[in-house]
Amino acid sequence: MQNATHKKVSKRPRLGQILIDKKVLSPEQLEEALKRQQEEGGRIGEVLIRLKFLKEETLLKGLCVQWQLPYVPTLNLNSIDPSLTLDIPLSLAKRHLFLPIKRAGDLIRCATSKPMNLTALDDFRLLLGAPMELAVVPPGEMLRCINQVYELATESPEEAISDFSGTSLSELAEELAEPEDILDTDDEAPMIQLVNSIFFQAAQQKASDIHFEPFEREIKVRFRVDGVLYNILSPPKRLQSALISRVKIMAGMNIAEKRLPQDGRISLRIGGREIDIRVSDIPTAHGERLVLRFLEKTNESLNLSDIGLSPRDLSAIERLIRLAHGIILVTGPTGSGKTTTLYSALNKINSPDKNIITIEDPIEYQLNGIGQIQVNTKIDLTFAKGLRSILRQDPDVIMVGEIRDVETAGIAIHASLTGHLVFSTLHTNDAAGAVTRLLDMGIEPFLVSSSVVAIVAQRLVRKICPKCRTPYRPTPEECLKLGLKHDPNHQFYKGKGCANCLNTGFKGRSGIYEVLLMNDNLRQMVLAKVDSSQIKAKAILNGMLTLRQDGAMRVANGLTTTEEVLRVTQEETG
């Protein structure tokens with residue numbers, strides 16, 4: 001690293017010549033860029049990027065040679081001291097892509113993606129109160145580290161409560177403007193700090209929900225992480241009104257109305273991540289109870305190969321989702337990951353040559369290139385009415401969030417028979433139960449047998465934390481419960497509990513699946529209206545793995561525990 005005041009070199013090489021010598025720029029391109037620089041002004045590097053002769057990363061490497069600065073492609077977060085960021089606002093760090101790393105004697109080692117921004121570097125030196133050594137880091141890596149380091153430096157909810165000095169509701173109600181990124185707030189209002197720090201911690205722990213639950217003498221804050229609720233905080237009862245009001249203001253709800261249920265929505269950026277929060281408010285005996293559902297706008301996790309399907313089932317699903325027509329149903333209870341599976345399937349087949357339209361309640365992820373309709377019962381926009389309208393939009397693929405009634409089921413089936421591929425969900429315990437559910441709704445057996453091509457039942461199991469995973473020898477009884485043959489040499493795994501997994505032994509979740517593929521034999525059974533247990537037995541003979549069997553494979557492979565699989569699957573009856 002070098003001092004922020006760049007070394008004075010008697011004959012410093014010109015940037016253009018460095019780039020030509022490195023064979024990343026031609027003399028003709030440099031000549032054209034110099035002409036453009038004379039006409040428009042600016043630094044030669046900026047002109048080269050504007051003309052698309054160079055990528056920013058290539059330019060940075062050239063500048064490092066010119067100014068004798070080290071180029072560091074990635075930063076190790078563990079080597080960064082978050083306390084050094086306390087005197088530097090996040091907005092400033094992001095604008096100038098600058099981050100102090102650690103102290104080294106009298107110097108502070110720093111990273112930047114803008115080594116030529118000498119004025120800003122002088123400002124940072126004054127803020128830090130010490131000379132600096134610089135390293136140059138690519139902009140994408142710089143932004144990632146800035147967001148993560150500032151998250152670590154943010155105070156916890158407990159610290160926010162300990163600093164709480166009280167605030168009036170009228171003062172609280174004036175705080176209507178939200179910062180672009182709530183990590184960047186410099187507001188000193190203690191209640192705003194408390195709510196923001198709760199949101200920070202929820203995002204860090206990847207919570208799916210936050211619960212604010214009032215009781216007679218206290219208010220509890222709980223996070224749902226990997227499907228399980230954990231107590232996080234118990235603020236004093238006197239903070240309840242201001243705390244609930246602050247969240248309601250952020251959600252655009254009526255803070256004066258405390259007798260009726262309300263719904264709202266909050267859009268936030270937390271450490272560079274865009275997050276939508278659905279807010280539900282209901283009155284209880286001890287005050288208003290809030291539940292906040294976190295929904296990340298990014299859909300990086302919606303990858304069909306990452307949701308837990310076995311190689312065999314993944315291959316079958318990838319073949320099915322490319323069919324020209326038919327219905328693919330995903331079944332399971334609320335919170336079993338059905339919507340994520342459907343979104344992952346749509347993501348896989350999404351392409352410019354396909355017209356994909358969905359109708360959902362609610363829209364949980366924004367999918368680029370896909371038309372998404374939100375059910376709105378207030379204006380009588382139901383699944384059935386929305387589905388009828390979709391059919392007039394010349395779709396190739398349709399996704400119906402849920403089949404709740406015979407009308408929606410009938411339209412979906414007729415859509416599949418007229419050349420559309422339809423995805424939807426049903427609330428049934430297993431795959432075979434979806435067939436009898438459709439028949440019970442009143443759908444004719446011949447329509448079910450000719451339209452349904454596959455049914456996927458699923459559950460979510462918690463994955464063993466990789467940091468504290470330890471092996472053990474299973475007992476014969478444990479193997480029997482999973483339907484596995486006992487092998488005294490085989491090892492299962494469990495998590496001891498550590499800081500990485502909040503001492504639960506689990507980190508993240510994965511799906512277990514039961515994939516029923518329709519064939520001629522099963523279609524004949526549907527036409528004959530046989531019960532679901534017979535359909536399931538026949539599917540197992542055809543090679544289908546039940547939820548319990550698929551889960552047992554995950555236990556044997558060290559992904560999850562016996563208790564998790566037994567918790568989410570019912571006893572196999574045949």
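In the predicted model, 64% of the contacts between residues at least 6 apart in sequence join residues at least 24 apart. The chain comprises 574 residues, of which 48% count as buried, and its secondary structure consists of 22 helices and 19 strands. About 27800 Å² of the chain is exposed, and carbon and sulfur atoms supply 49% of this area.

Seven strands are arranged in an open sheet of mixed pairing, in the order β13-β12-β14-β15-β11-β16-β19. The edge positions are taken by β13 (371-374) and β19 (506-517); each has a single partner strand, so one side of each lacks a neighbour in the sheet. Direction ignored, neighbouring strands of the sheet are turned by 20° against each other on average. Helix α15, which spans residues 406-417, packs on this sheet and touches β11 (326-331), β14 (397-400) and β15 (421-426). The direction of α15 makes about 135° with that of β11.

The pairing of β16 with β19 is antiparallel and comprises 10 bridges. Within this pairing, Val456 stands opposite Val515 of β19. Strand β16 covers residues 452-464 and includes Leu460. Beyond residues up to four places away in sequence, Leu460 touches Gly335, Ser336, Gly337, Arg509, Ser510, Gly511, Arg567 and Val568. One of these residues, Val568, is separated from Leu460 by 108 residues in sequence, whereas the C-alpha atoms of the two are 7.4 Å apart in space.

A further set of contacts centres on Glu288, a residue of strand β10 (residues 287-296). Glu288 has a relative accessible area of 9% and is therefore buried, the limit being under 20%. Its side chain makes a polar contact of 2.6 Å with the side chain of Lys248. When neighbours within four places in sequence are left aside, the residues in contact with Glu288 are Phe212, Pro214, Gln240, Ile244, Lys248, Glu257, Lys258, Asp281, Ile282 and Pro283.

Among these partners, Gln240, Ile244 and Lys248 are also listed with the buried residues of helix α11. This helix spans residues 240-250 and is largely enclosed by the rest of the structure, because 10 of its 11 residues are buried. The buried set also includes Ala242, Leu243, Ser245, Arg246, Val247, Ile249 and Met250. Just after α11, Gly252 adopts a positive phi of about 70°.

Side chains of opposite charge can pair when their charged atoms come close. The model contains 24 salt bridges. In one of them, the side chains of Arg222 and Glu213 meet with an N to O distance of 3.0 Å. Arg222 is partly exposed, with a relative accessibility of 22%, while Glu213 is buried at a relative accessible area of 3%.

Glu257, already named among the contacts of Glu288, forms a salt bridge with Arg259 through their side chains, at 3.4 Å from N to O. The two partners fall into separate accessibility classes: Glu257 is buried at 15% relative accessibility, and Arg259 is exposed at 67%.

A salt bridge also links Asp276 to Arg265, with the closest N and O atoms 3.9 Å apart. Asp276 belongs to strand β9 (residues 273-284) and Arg265 to strand β8 (residues 262-270), so this pair ties together parts that are 11 residues apart in sequence. Asp276 is buried, having a relative accessible area of 9%, and Arg265 is partly exposed at 38% relative accessibility. Elsewhere, Arg36, Glu40 and Arg50 are joined into one network by salt bridges that share partners.

Definitions and conventions:
Residues numbered from 1 in each chain as written. Predicted model: local features only at pLDDT ≥ 70, side-chain atom pairs only at ≥ 80, totals over all residues. Heavy atoms only, no water. Helix = DSSP H or I, 4+ residues; strand = E, 2+ residues; numbered from the N terminus. Contact = heavy atoms within 4.5 Å. Buried < 20%, exposed > 50% of the residue type's maximum accessible area, 1.4 Å probe, protein only. Areas by Shrake-Rupley, 256 points an atom, 1.4 Å probe, with all protein chains shown as cover. Polar contact = N/O pair within 3.5 Å; in protein donor to acceptor, adjacent residues only side chain to side chain. Pairing = 2+ DSSP bridges. Axes fitted to C-alpha atoms, helices over the stretch in contact; angles between N-to-C directions. Salt bridge = Lys/Arg side-chain N within 4 Å of Asp/Glu carboxyl O.
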